[in-house]
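This report describes the features of one structural model, moving from the backbone to the metal site and the interior. Please read it alongside the sequence and coordinates displayed below.

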Amino acid sequence: MQDFIENIPKAELHVHLEGTLEPELSFRLAQKNAIKMPYTTPEELISAYDFTDLPSFLAIYYAGMDVLRTEQDFYDLTWSYLNKARSQNILYAELFFDPQAHTSRGVEFKTVITGIHHAQRDAEEKLGIKSQLILCFLRDMSAESAMEHLMYAEPYLDWIVGVGLDSDEKDNPPLKFADVFAKAKTFGLKLTMHCDVNQNNTHDHIAQCLDDIQVDRIDHGVNSLEKAALWQTIKTKKLGLTVCPVSNRFVVQSLTSKEIRQMLDNQMLVTINSDDPAYFRAYLNENFIELQSEGDFSESDIITLVTNAFKVAWLPEQEKGFYLDKVQHYVESYSA
Ligand code: HPA
Ligand code: ZN
C-alpha cells in the first residue's frame, strides 16, 4: 500500500509555500541575510515546534518567515518545495502564498511573487511539475489591507489562478472580505477560503462561503458534515474540500479519518493535502500513508482521493483529462 501511494501520480491543492520552509533552508537563509537565529541547529528549531491549536501554530509560522528577504529567497523556497513534491510523484500543485506576511516586514509584493514565479517556471521546464499560485489574504488583518494587496496583484494576474483566505479564523468571518472576493472574481480569479476545523461559528462561516462569497472550493471544511444543509450544498455544487490530515492532528488531535471516510461515503469531492509540511513534518505521501493506516482505506479509496484532486483542480478540462489518464494508466499497470 505504501508503494502504491508513493508512486501514484498526485495533485496537491492545499500547501502554503511559507509552510514548506525547512529548518535547513531557514538556517542557510539566516546566515546569508545576517539574521541571528534563536536556535543553534535545525534540530533544536524543530524541537521548538510546539503547537496545539491554530493560534499557537500561526505564531511559530509567522516567526519562521523572517528569514525570507530577497527574490532569490522566495525562489529557493519554491524550488525546494517543487523538487520535494516531484520526488513524491506530485505532477501538479496549487500553491498558497501570504504576501501580507512579507509586505508587513518591508519585503515588496513584486519581490515575493517574482521569486516564486521564476521557480515555478523553472520547475515546470526542468522537473516536469506544473503549479499555479493562489494569493491568500490574512483574515486577521483588515479588509482594506486585503484590497490593497489585491491591487498590488493586478499587474500579475497572469501569474495567479485564485485567491484564498487564511490565518486566524476567530472573529474573522468570510463576510468581512465580501468586497475583496467580489472584486477578485471580476479579475477572473477563482475563490477559496479556509474553514479550519472546530473553529468558533464554523457552520456560519461555511454557510457564508457557500451562499454569500460563492466560493469555488473550501479549504478544510470538515465541520460541514455536522449540518446536512451544508454538506449537501457542497456535494450538489461539486465543490472540492482540501483536507489536511496531519495538520488536523496538530490542531484537533485527530487525522479526521472518520470524517474523510464519511465524505467519501457521501460522494463529496474530498482531497488529501499537506498544508504546512515543513512544520507538521509530513509531506503529501506521509499524509496519505498515515491516513490509510488509521482509517484502513483501500486502494480504491486512495484512487478516489487522488482522482478527486485532479477533478477539482483549477485547470481546463482537457488538462484534467491528461492527468486523470495518467492516474488510470498507473492503476492499470499496477494491478497487471
Ligand atoms: N490555517 C490557517 N492559516 C494558515 C494555515 C492553516 O492551516 N496554514 C498557514 N496559514
Ligand atoms: Zn492551510
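## Helix H5 and its surroundings

Asn89, which follows H5, has a positive phi, near 60°. The model under discussion is a predicted one. Helix H5 covers residues 71-87, and its 17 residues should span 24 Å at 1.5 Å a residue; the C-alpha atoms at its ends are 24 Å apart, so the two values agree.

The buried residues of H5 are Asp73, Phe74, Tyr75, Asp76, Leu77, Thr78, Tyr81, Leu82 and Ala85. Among the elements against which these buried residues pack are three strands, S1 (10-16), S2 (90-97) and S3 (130-138). Their helical partners are H2 (23-32), H6 (100-103) and H7 (109-126).

## Other positive phi values

Most residues other than glycine have a negative phi. Asn201, a residue other than glycine, has a positive phi near 55°. Asn201 is placed in the loop between strand S5 (190-195) and helix H10 (202-213).

Lys238 also has a positive phi, near 55°. Lys238 belongs to the loop that joins helix H11 (228-236) to strand S7 (240-243). With a relative accessibility of 63%, Lys238 counts as exposed, because the threshold for that class is over 50%.

## The zinc site

Which residues coordinate the zinc ion (ligand 2)? The donors are NE2 of His14, NE2 of His16, NE2 of His194 and an OD atom of Asp275, at 2.1 to 2.2 Å. Their spacing in sequence follows the pattern H-x1-H-x177-H-x80-D. The angles among the 4 donor atoms run from 83 to 175°, and the site is irregular. His14 and His16 are both buried.

## Residues around the metal donors

His220 is part of strand S6 (residues 217-220). At a relative accessible area of 0%, His220 is buried. Beyond its neighbours within four places in sequence, His220 is in contact with the zinc donors His14, His194 and Asp275. Its other contacts include Cys195, Asp196, Val197, Leu241, Thr242, Val243, Cys244, Ser247 and Asn248.

Ser247 lies in helix H12 (residues 245-252). The relative accessible area of Ser247 is 4%, so this residue is buried. Apart from neighbours within four places in sequence, Ser247 is in contact with His220, Asp275 and Phe280.

Pro277 is located in helix H14 (residues 277-280). Its relative accessibility is 0%, and Pro277 therefore counts as buried. Although 259 residues separate Pro277 from Glu18 in sequence, their C-alpha atoms are 9.7 Å apart in space. Residues touched by Pro277, not counting those up to four places away in sequence, are Val15, Gly19, Thr20, Ala282 and Tyr283.

## Nonpolar cores

In soluble globular proteins, nonpolar side chains tend to be buried together. The largest nonpolar core of this model has 110 residues. Those with the most contacts inside the core are Tyr81, Phe97, Phe137, Val163, Phe181, Ile218 and Leu305. A second, separate core has 5 residues, including Ile134, Cys136, Val161 and Trp314.

Phe181 illustrates the contacts of one residue of the largest core. Leaving aside neighbours within four places in sequence, Phe181 is in contact with Phe137, Val163, Gly164, Leu165, Leu191, Thr192, Met193 and Ile213.

## Two partly exposed loop residues

Ser142 lies in the loop between S3 and helix H8 (143-153). Its relative accessible area is 30%, so Ser142 is partly exposed. A polar atom of the Ser142 side chain lies 2.9 Å from the backbone nitrogen of Ser145. Outside its neighbours within four places in sequence, Ser142 is in contact with Lys176 and Phe177. Ser142 and Lys176 are 34 residues apart along the chain, with 8.4 Å between their C-alpha atoms.

Trp159 is found in the loop between H8 and strand S4 (162-166). Is Trp159 buried or partly exposed? At 25% relative accessibility, Trp159 counts as partly exposed. Not counting residues up to four places away in sequence, Trp159 touches Ile113, Thr114, His117 and Leu133. The C-alpha atoms of Trp159 and Ile8 are separated by 28 Å, and the two residues by 151 places along the chain.

Key
Residues numbered from 1 in each chain as written. Chains lettered and ligands numbered in written order. Predicted model: local features only at pLDDT ≥ 70, side-chain atom pairs only at ≥ 80, totals over all residues. Heavy atoms only, no water. Donors = N, O, S within 2.8 Å, 3.2 Å for Na, K, Ca; no water. Tetrahedral: all angles 85-135°; square planar, octahedral: opposite > 155°, others 65-115°. Buried < 20%, exposed > 50% of the residue type's maximum accessible area, 1.4 Å probe, protein only. Core = buried A, V, L, I, M, F, W, Y, C linked by side-chain atoms within 4.5 Å. Contact = heavy atoms within 4.5 Å. Helix = DSSP H or I, 4+ residues; strand = E, 2+ residues; numbered from the N terminus. Expected span 1.5 Å × (residues − 1). Polar contact = N/O pair within 3.5 Å; in protein donor to acceptor, adjacent residues only side chain to side chain.
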